[in-house]
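The following exercises concern the reading of secondary structure, strand pairing and residue exposure. Each task is followed by a solution set out in steps.

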Amino acid sequence: MGKAFVLSRFRFYECMCGETKAFSTMGVPLCVTCDECRSTLALGPEEYQVPEPHDWESHVDQTTGEAYYFCTKCLRRSAFAWREGQA
Ligand SMILES: [Zn+2]
Ligand SMILES: [Zn+2]
């Protein structure tokens, strides 16, 4: 088993309550949190970390001309820049 095999392997990430799950080969950014329990997604109970704010960049949609925000860490797109914990 070489390095390429390890890098291409998907691993299973889950939040504390189990509501939010993700498969990833590279880890899940700490700005990705569960809507229910607000924890980050981790490989196991020992690995939960303090959530980080999204890293929003403003963009303009080339098709619609609408402004939007795009998180450079989790690639989430939003109509406005928000942080975890904000309503
Ligand atoms: Zn959860
Ligand atoms: Zn993000």
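The exercises below proceed from the whole chain to single residues, and they refer to a predicted model.

**Exercise 1. Overall content**

Determine how many helices and strands the protein chain contains, and in which pattern they follow one another.

Solution. The protein chain has one helix and five strands. Read along the sequence, these elements give the pattern α-β-β-β-β-β. Two figures complete the overview. Of the 87 residues in the protein chain, 10% are buried. Where contacts between residues at least 6 apart in sequence are considered, 23% join residues at least 24 apart.

**Exercise 2. The hairpin**

State in which sense β1 and β2 pair, and which residues stand opposite F12 and R11.

Solution. Strand β1 covers residues 11-14, and its pairing with β2 is antiparallel over four bridges. Strand β2 spans residues 21-24. Within this pairing, F12 has F23 in β2 as its bridge partner, and R11 stands opposite S24 in β2. The two strands form a hairpin with six residues between them. In the turn, G18 has a positive phi of about 90°.

As background to the reading of such pairings, side chains in a regular strand alternate between the two faces of the sheet.

**Exercise 3. The three-stranded sheet**

Give the strand order of the open sheet, and identify which strands are its edges.

Solution. The open sheet has three strands in the order β3-β4-β5, with antiparallel pairing. Strands β3 and β5 are the edge strands, because each pairs on one side only. As to position in the sequence, β3 spans 56-60, β4 covers residues 67-71 and β5 is 77-78. Strands β4 and β5 run antiparallel and are joined by two bridges. In this pairing, Y69 stands opposite S78 in β5.

**Exercise 4. Residues in the loop between β2 and β3**

Classify P45 and R38 as buried, partly exposed or exposed.

Solution. Both placements are established first: P45 lies in the loop between β2 and β3, and R38 lies in the loop between β2 and β3 as well. The next step is the count of neighbours. P45 counts as exposed because it has 8 C-beta neighbours inside 10 Å. R38 has 13 other C-beta atoms within 10 Å and is therefore partly exposed; the exposed class ends at 12. Regarding the backbone, R38 is a residue other than glycine with a positive phi near 65°. Regarding position in space, P45 and C15 are 30 residues apart in sequence, and their C-alpha atoms are 8.9 Å apart.

**Exercise 5. Residues in the loop between β4 and β5**

Establish whether T72 and L75 are buried or exposed, and which residues T72 touches.

Solution. T72 lies in the loop between β4 and β5, where L75 is also found. With 12 other C-beta atoms within 10 Å, T72 is exposed. L75 has 9 other C-beta atoms within 10 Å, so this residue is exposed too. L75 has a positive phi of about 65° although it is not a glycine. If residues up to four places away in sequence are not counted, T72 touches D55 and E57. For T72 and E57, the C-alpha to C-alpha distance is 7.0 Å, with their positions 15 residues apart in sequence as the separation.

Notes. Residues are numbered from 1 along each chain as its sequence is written. Chains are lettered from A and ligands numbered from 1 in the order in which they are written. This is a predicted model: local features need pLDDT of at least 70, side-chain atom pairs count only at pLDDT 80 or more; totals for chains, interfaces and linings use all residues. A residue is buried if 20 or more other C-beta atoms lie within 10 Å of its own, exposed if 12 or fewer, and partly exposed in between; C-beta atoms are placed from the backbone. Two residues are in contact if their C-beta atoms, placed from the backbone, lie within 7 Å.
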